[in-house]
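The following exercises are meant to be worked through with the sequence and the structure in view. Each task is followed by a solution in steps.

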Amino acid sequence: MRTGVWLVGARGSVATTSIVGGLALRAGLAGSTGCVTELPELRGPALPAFADLVFGGHDVATTPLCKRAEALATAGVLPGRLVAALPDELAAVEEELRPAPAAGSQAERAAAIVRDLTDFRDRHRLDRVVVVNVSATEPTATAHPAHADPATLRDALTGPDEVLPASSLYAYAALTAGCPYVDFTPSTGARLPALHTLAVERGLPYAGHDGKTGETLVKSVLAPMFAMRHLTVRSWSGINLLGGGDGANLADPAANAAKVESKQRVLGETLGYVPQGGTRIDYVEELGDFKTAWDLITFSGFLGTGMRMEFTWHGCDSALAAPLVLDLARLTAAAHAAGQVGPLTELAFFFKDPLGSPTHSLGEQWTRLVEFTRALHTGLESADGHAG
């Protein structure tokens, strides 16, 4: 199943690491550590092979992909040996990267994106293209009457107003082009009624939001532990320090607020109440693509005895995110091939703020993901057996 992976923000750290990782896996130069879809519980014939993934994308930046990869290798994010071993492959992907459309109305920009997607699909004779947003976090979108209905939205996009934030414009263009859409960021993306309706009309799945790679991943394991042990969490405070482009973008208060809201939701929905405290995100340029999170949890147990817990998480954001981007592209492609339509709630395992998920517990999300993937594999095998 030849599958295009179209990355919005294709020259960024997460996208570059995803591309290098996918190429290295295809060439047999690296192992699949970090790729959830390569675990025995999920691996199977319904997922496109790494060798079947073809990369392309949009970005406002113009730095050549090979230069971005070399910079990430210098920073310790990527193994330099892999970058050195893949010059031709990276050059081939570079040929598939396009400047993000910036001129004209939003309707004209969306049409340009649709052309790039359909040309990419036709040029490589792809079975499908999955569009994955890994661009910078946006502020929360301003409500607009056109967000409610696809026809009204189409008309509004022809005017001079910025009706949709960039993530939602890409979602609109992807769905218009017949492509499933995944939002790895906390941005609005396909999370608008008009875009849900459009996805259903076009028979397309979509997924998101905000890849779960660090502190929130730990929260989604610890919070259910406190709940299941009937321990009362009195406060939960976290400080996140990060550098790189993501950190610089989150220095903007509006983008920062959108990210914090996404990170905090797991506690209230898992515990059933919101403890005192909050999450703070600070930009520390010196950290580059690495991040550190420190959390302090105070809780009480039997007879009100007060206790506390602390944890510190040090991680490389791109190295944590990139395998999940590959996982999501493979799973979403398989879901599309199986005829899945609308929000893929079973992919909640990958997200801080998952669409339509009934739970934020990582364990429960894992069970739902395994069941979902097994059904995809079983459905394919049954179809093959019936065809035979």
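**Exercise 1: A charge and a ring**

Task: determine which ring lies under the charged end of R330.

Solution. The charged end of R330 sits over the ring of F50, at 4.2 Å from the ring centre. The criterion is that NZ of Lys or CZ of Arg lies within 6 Å of the ring centre and within 35 degrees of the ring normal. The model is predicted, so local features need pLDDT of at least 70 and side-chain atom pairs count only at pLDDT 80 or more, while totals for chains, interfaces and linings use all residues. Residues are numbered from 1 along each chain as its sequence is written, and side-chain values use heavy atoms, with hydrogens and water left out.

**Exercise 2: Aromatic pairs**

Task: state how many aromatic pairs there are, and describe the one formed by F226 and W236.

Solution. Step one is the rule: rings of Phe, Tyr and Trp (its six-membered ring) pair if their centres lie within 6.5 Å, and planes under 30 degrees apart count as stacked, over 60 as edge-to-face and the rest as tilted. By this rule there are five aromatic pairs. Step two is the geometry: F226 and W236 are edge-to-face, with 6.1 Å from centre to centre and 80° between the planes. Step three is the location: F226 belongs to helix α9 (residues 215–228) and W236 to strand β7 (residues 232–242), so the pair ties together parts that are 10 residues apart in sequence. Helices (H or I, at least four residues) and strands (E, at least two) are DSSP runs, numbered from the N terminus. Ring pairs also link F226, W236 and F299 into a cluster. Finally, both F226 and W236 are buried (buried means under 20% relative accessible area, exposed over 50%, partly exposed in between, with a 1.4 Å probe and protein chains only).

**Exercise 3: The core and T332**

Task: identify the helix that gives the most to the largest nonpolar core, then place T332.

Solution. A nonpolar core is a set of buried Ala, Val, Leu, Ile, Met, Phe, Trp, Tyr and Cys residues joined through side-chain atoms within 4.5 Å. The largest one has 56 residues, and L7, F55, L90, L347 and F350 have the most contacts inside it. Helix α12 (residues 317–337) gives the most to this core, with 10 residues. A second, separate core of 36 residues includes L153, Y172, C179 and A194. T332 is located in helix α12, and its 0% relative accessibility is why T332 counts as buried. Beyond neighbours within four places in sequence, T332 is in contact (heavy atoms within 4.5 Å) with V130, P180, V182, P205, L344 and L347.

**Exercise 4: The open sheet**

Task: give the order of the seven strands and name the edge strands.

Solution. The seven strands form an open sheet with parallel pairing, in the order β3-β2-β1-β4-β5-β6-β11. Two strands pair if DSSP finds at least two bridges between them. The edge strands are β3 and β11 (342–343), each of which pairs on one side only. Six bridges join the parallel strands β1 and β4; G4 has V129 in β4 as its bridge partner.

**Exercise 5: Residue L241**

Task: decide whether L241 is buried or partly exposed.

Solution. L241 is found in strand β7. Its relative accessibility is 29%, so L241 counts as partly exposed. L241 and Y283 are 42 residues apart in sequence, yet 5.9 Å apart in space, C-alpha to C-alpha.
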